[in-house]
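Open the model in a viewer and follow the stops below in order. Each stop gives a selection and then describes what is found there.

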Amino acid sequence: MFGDLKDGHIVIVGASLAGLRAAEALRTEGFTGSLTVVGDEPHPPYDRPPLSKQVLLDKAAADTTGLPMRRDPGADWRLGVRATGLDPFKKRVVLDNGESLPFDRVLIATGTRARPWPNPDEAALDGVFTLRTRDEAESLAERLAAGPQRVLVIGAGFTGSEIASACRERGLEVTVAERGPAPLVGALGGTLSRLAAVMQLNHGVDLRCGVTVTALRGDGNGRFTGADLSDGSRVDADLCVVALGAVRNVEWLAESGLAAGPRGVACDAGCRAFNMYGIVTDDVFVAGDVSRFPHPLFGYQMLSLEHWGNAVAQAEVAAHNMVNPGPLQRPHLAIPIFWSTQFGFNIKSVGVPTYSDHVVIAQGSLEARRLAMVYGYEGRVTAAVTVDMAKSLDYYRYLIETAAPFPPPPGAADRAIAADVPIPSDVPDPKGLSHGPTVALTGYLPDRRLTVVQPTG
């Protein structure tokens, strides 16, 4: 047992941003026990946002993206080793090398991986890539530097759009295929997605929306040569980047009894994992992209995020709660914040744009391609997205945090807010898209399906 909660053995499964920041925070909180960090990649923790930006543009090498340590956590790093199971009763994490790590408390921070192309034979063609890891970014950057005739990007979410932007900045021809009606529509709704489409078209992207890729083609020698689309057309290309969103790394928890499923591991606001019956656990915590957690500003629905800032904030809350008694524990209430740079524009988001029924352009205009759009749900501000107007974001975050009425009152810099008439936010069903939102509401229930057997007699 932990005794004063400052000693014992903690295992962190996941050696990326959330895992590193949690390890550092545990020492800051006064934890003096043994600390083990398990990571399936051979590299120390590194930063992922530069992979689809600076690395693909040859502005930074993949091996320079390592995350700086705020302090040495004095951890036993087990890198290049995958966790294959968690036993909450025996309190052990099982590794793929046969080792079993005992723990007093464990943090699940296994994050996500890129969703692969569904046909394994086609996915194995030389020239077909996904982009999530440092090694993937390094390999893709090398192939882009070789000057392919055309690159096919499947999926027009943020990652796919940033890859397309990097291709055009390199002077490469690029085709983007998206099942939905426009780029970024799953993350930002209809109005801003139309601006995103204009941005891509104006920068020379061959944008194909409302279509799916039905097959990837090879030359008979295992090399990718193009793809067939659902409208009967064919795209000839040298490279293909599959950008179909992320998969939560939860398979290793299948026999753990935790509420782990395709949308992540469900936990309470204090980062304590739920078991499949909705009972909170005492010794299993969750942080980062793999987590699902309730937020009072969004109807207490479970949020799933793929955001850098959330991974840091949630890791610090989890670390604090792992080593402090109940009365001193605190909730994770950070507002989601996300940013993207593409086609010369800086897009920043705060809140949950998909949790909306109406939007209003509060500052700037679509025509100027510089604006702040505010999202509302049932008369309350729930999100804002700025395009080249990032300085306004803190004001809109305040409106979200205070549950300000929608449309918002005057008070921004450019002009009176809510000068325009609110219009429907036009957020589509993600099932009809090649990409999904980077922040999503996932309901109230654990992901496990149960068969409840009533006692007899």
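**Stop 1: a helix and its end**

Select residues 190-202, helix α6. At 1.5 Å a residue, the 13 residues of this helix should span 18 Å, and the end C-alpha atoms are 19 Å apart, which agrees. Bear in mind throughout that this is a predicted model.

Now colour the helix by burial. Which residues of α6 are buried? They are Gly190, Thr191, Leu192, Ser193, Leu195, Ala196, Ala197, Met199 and Gln200. Step just past the end of α6 to glycine 204, where phi is positive, at about 85 degrees.

**Stop 2: a loop residue**

Select threonine 212, in the loop between β12 (206-209) and β13 (213-218). With 29% relative accessibility, threonine 212 counts as partly exposed. Leaving aside residues up to four places away in sequence, threonine 212 touches Arg179, Asp228, Leu229 and Ser230. Add glycine 155 to the selection: its C-alpha atom and that of threonine 212 are separated by 9.2 Å, although the two residues are 57 residues apart along the chain.

**Stop 3: salt bridges**

Stay with Asp228, one of the contacts of threonine 212, and show its side chain. Side chains of opposite charge can pair when their charged atoms come close. Aspartate 228 meets arginine 234 in a salt bridge, at 3.6 Å from N to O. Arginine 234 also forms a salt bridge with aspartate 236, and here the closest N and O atoms are 2.9 Å apart.

Buried or exposed: where does aspartate 228 fall? Its relative accessible area is 18%, so aspartate 228 is buried. Arginine 234, at 38%, is partly exposed, while aspartate 236, at 51%, is exposed. Add Arg217 to the view to complete the network of salt bridges that links Arg217, Asp228, Arg234 and Asp236.

For another salt bridge, select glutamate 41 and arginine 48, whose closest N and O atoms are 3.3 Å apart. Both of these residues are buried. Across the whole structure, a search finds 24 salt bridges.

**Stop 4: aromatic rings**

A pair of aromatic rings is described by the distance of the centres and the angle of the planes. The structure has five aromatic pairs. Select phenylalanine 298 and tyrosine 355: their ring centres lie 5.8 Å apart and their planes are at 85 degrees, so the pair is edge-to-face. The pair links distant parts of the chain, with the two positions 57 residues apart. Phenylalanine 298 sits in the loop between β22 (291-294) and β23 (302-305), and tyrosine 355 in the loop between β25 (345-351) and β26 (358-365).

Phenylalanine 298 is buried, at 0% relative accessible area. Tyrosine 355 also counts as buried, at 10%. Add Tyr377 to see the cluster that ring pairs build from Phe298, Tyr355 and Tyr377.

**Stop 5: a neighbour in the β22–β23 loop**

Move to glutamine 301, which lies in the loop between β22 and β23. At 18% relative accessibility, glutamine 301 counts as buried. What does glutamine 301 touch, not counting residues up to four places away in sequence? Its contacts are Phe293, Pro294, His295, Tyr355, Leu441, Thr442, Gly443 and Tyr444. Tyr355 therefore appears both here and in the edge-to-face pair of the previous stop.

**Stop 6: the whole chain**

Zoom out and colour by domain. Domain 1 takes residues 9-50, 65-111 and 249-323, domain 2 covers 115-245, and domain 3 covers 344-424. The C-alpha centres of domain 1 and domain 2 lie 32 Å apart. Six residues from domain 1 and four residues from domain 2 make up the contact.

Finally, compare with the record. An unreviewed UniProt entry lists residues 9-315 as "domain: FAD/NAD(P)-binding". Select that range: the chain there is 21% helix and 31% strand, and its end C-alpha atoms are 17 Å apart. The unreviewed entry in UniProt also lists "domain: Reductase C-terminal" at residues 338-408. In that range the chain is 13% helix and 51% strand, with the end C-alpha atoms 21 Å apart.

Methods
Residues are numbered from 1 along each chain as its sequence is written. This is a predicted model: local features need pLDDT of at least 70, side-chain atom pairs count only at pLDDT 80 or more; totals for chains, interfaces and linings use all residues. Side-chain values use heavy atoms; hydrogens and water are left out. Helices (H or I, at least four residues) and strands (E, at least two) are DSSP runs, numbered from the N terminus. The expected span of a helix is 1.5 Å times one less than its number of residues. Buried means under 20% relative accessible area, exposed over 50%, partly exposed in between (1.4 Å probe, protein chains only). UniProt positions are given in the numbering used here, feature names are shortened, and annotations may be inferred rather than shown by experiment. Rings of Phe, Tyr and Trp (its six-membered ring) pair if their centres lie within 6.5 Å; planes under 30 degrees apart count as stacked, over 60 as edge-to-face and the rest as tilted. A salt bridge is a side-chain nitrogen of Lys or Arg within 4 Å of a carboxyl oxygen of Asp or Glu. Domain bounds come from an automatic or database domain assignment. Contact means heavy atoms within 4.5 Å.
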